[in-house]
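Here is a set of short exercises to try with the sequence and the 3D view open. Work through each task yourself, then follow the solution step by step.

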Amino acid sequence: MNHTAVVSSRSYTYTYTYNPSLGFHTSPPHSPLSAFTFRLPFQPSLNTPLIYPIHKSHTRFSKVCAAERDRYYGLAESPAKALRRVLELPGLHQGPACFDALSAKLVERAGFQYCFTSGFSISAARLGLPDTGFISYGEMVDQGQQITQAVSIPVIGDGDTGYGNAMNVKRTVKGYIRAGFAGIILEDQVSPKACGHTQGRKVVSREEAVMRIKAAIDARKESGSDIVIVARTDSRQAVSLDESLWRSRAFADVGADVLFIDALASKEEMKAFCEISPLIPKMANMLEGGGKTPILNPLELEDLGYKLVAYPLSLIGVSIRAMQDSLTAIKGGRIPPPGSMPSFEEIKEILGFNTYYEEEKRYATSTNQPSSQRVSSSRYSIQQRVQDYTEQRGRSPQDPIVEVITPDMYNNYGADGSRDPFSQIWSRTLRIKITGRDGFEKLDVRIPLWGA
């Protein structure tokens, strides 16, 4: 019995047919397509041979089949494996840079296959400081863990210089693995480092730069991980183009998975970079708003030979401008116009409120009702008790209803979980509501009760 699948690249479409006795074979190429597509109408068994070494395209197909098989049988896929699967796909793959869990969720919701973290953006959002070496290893790992736990797509983490010598690099790589990163970018700047497109950059010696990457490879082996090592050099601006090309070749020789030269100054330099170590994927950095590298569209980058492209400032940049515009509106006595922000319902959907409510129902008990039902049930029981009480006292049904709403309680914890100087003070708000039998509200007051 034959099974058929179709694999399409930008240039050709191949029809693969599997026969248990003959293996895979392909029909001649068909018309070009503008994007890569994959259809697997059959469900391969675990005994299906997935590698048929006739041509490189068959190997790529077998890896895609293996991924489909793993998903079909519910086999877990590590973040690194998911990223390597992206690297095996043809074409260029865009990766916006996030800076917190929310921005990462938005990247995933937009349909991107992976994303980066940006040290520049995290330093800005978390510390409100420039990317000049202020942010620490611990802060980056903590932020990264929040990001990787918020999404299911693989995340490539900005590992800066590795935060020290080769031994620090090993600790950094192992920490990023535990934090759930699929990949890590390591660079050859001195410490404290500087943003790649700003002034004053300096790089370590060739030998130390190569040892950083070698230490990262060793840390990966020791951890039993397959994290993707992205080797970055800043020597183009610090030294010369030739120096950056030499270092990239050396990084490839010691086992880097992806190569990245930051701040290349022309399209010709970018092409020269993509021509070295042709079997190693190359990464581009499209610094929005005026960096040293020319901004090219995805098709142009793919034609040059790039596999990955990062957009480091888009999300943090538009966030800054949106907040500035909103603050200007508020200061002027207005609120931001409806078109400039999502509705409250949209915000709740993005953050997962509706999903939470649905899942909460699965664990509801008679004494632990979902929050949406708990409020109405509580109010009904209060009204019922008031009604029973008034009937016992012989009061007229026309008398107003008096409700004493369960007090709201607040404790004085800081945002970081610490207690403030008044940590022993708890506050309650007692709410008293009087409603007439005609349905009109007569009184609704909240009385603060301190130290209750």
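**Exercise 1. Getting an overview**

Find out what share of the contacts with a separation of 6 or more joins residues 24 or more positions apart.

Solution. Residues 24 or more positions apart account for 62% of those contacts in the protein. Keep in mind that you are looking at a predicted model. Next, take stock of the secondary structure: there are 15 helices and 15 strands. Finally, look at burial: of the 452 residues, 38% are buried.

**Exercise 2. The length of a helix**

Check whether the distance between the end C-alpha atoms of H7 agrees with the expected span.

Solution. Start by locating H7, which covers residues 206–223. The helix has 18 residues, and the expected span is 1.5 Å times one less than that number. This gives 26 Å, and the end C-alpha atoms are 26 Å apart, so the two agree. Just after the helix comes Gly-224, with a positive phi near 65 degrees.

**Exercise 3. Two helices side by side**

Describe how H7 packs against H9.

Solution. Two packed helices are described by the angle between their axes and the distance between the axes. For H7 and H9 (residues 241–254), the angle is about 30 degrees and the axes lie 9 Å apart. Angles under 35 degrees count as roughly parallel, so H7 is roughly parallel to H9. Their crossing is right-handed. On the H7 side, the contact is made by Arg-206, Ala-209, Val-210, Ile-213, Lys-214 and Ile-217. H9 contributes Glu-243, Trp-246, Arg-247, Ala-250, Phe-251 and Val-254. Sorting these residues gives eight nonpolar, four charged and no polar.

**Exercise 4. The buried residues of H7**

List the buried residues of H7 and find what covers them.

Solution. Begin with the list: Ala-209, Val-210, Arg-212, Ile-213, Ala-215, Ala-216, Ile-217, Ala-219 and Arg-220 are buried. Now look at the cover, which includes helices H2 (79–88), H6 (166–178) and H9, together with strands E8 (183–186) and E9 (228–233).

**Exercise 5. A residue in a strand**

Is Ile-185 buried or exposed?

Solution. First find Ile-185 in strand E8. Its relative accessibility is 6%, and the cut-off for buried is under 20%, so Ile-185 counts as buried. Then look at the contacts beyond four places in sequence: among the partners of Ile-185 are Phe-116, Ile-156, Val-230, Phe-260 and Met-283. Take Phe-260 as an example: Phe-260 is 75 residues from Ile-185 along the chain, yet their C-alpha atoms are separated by 8.8 Å.

How values were computed:
Residues are numbered from 1 along each chain as its sequence is written. This is a predicted model: local features need pLDDT of at least 70, side-chain atom pairs count only at pLDDT 80 or more; totals for chains, interfaces and linings use all residues. Side-chain values use heavy atoms; hydrogens and water are left out. Axes are lines fitted to C-alpha atoms, for helices over the stretch in contact, and angles run from 0 to 180 degrees between N-to-C directions. Helices (H or I, at least four residues) and strands (E, at least two) are DSSP runs, numbered from the N terminus. Angles under 35 degrees count as roughly parallel, over 145 as roughly antiparallel, 65 to 115 as roughly perpendicular and the rest as oblique. A crossing is left-handed if the near helix is turned anticlockwise from the far one by less than a right angle, and right-handed if clockwise. Contact means heavy atoms within 4.5 Å. Ala, Val, Leu, Ile, Met, Phe, Trp, Tyr, Cys and Pro count as nonpolar, Asp, Glu, Lys and Arg as charged, and the others, Gly among them, as polar. Buried means under 20% relative accessible area, exposed over 50%, partly exposed in between (1.4 Å probe, protein chains only).
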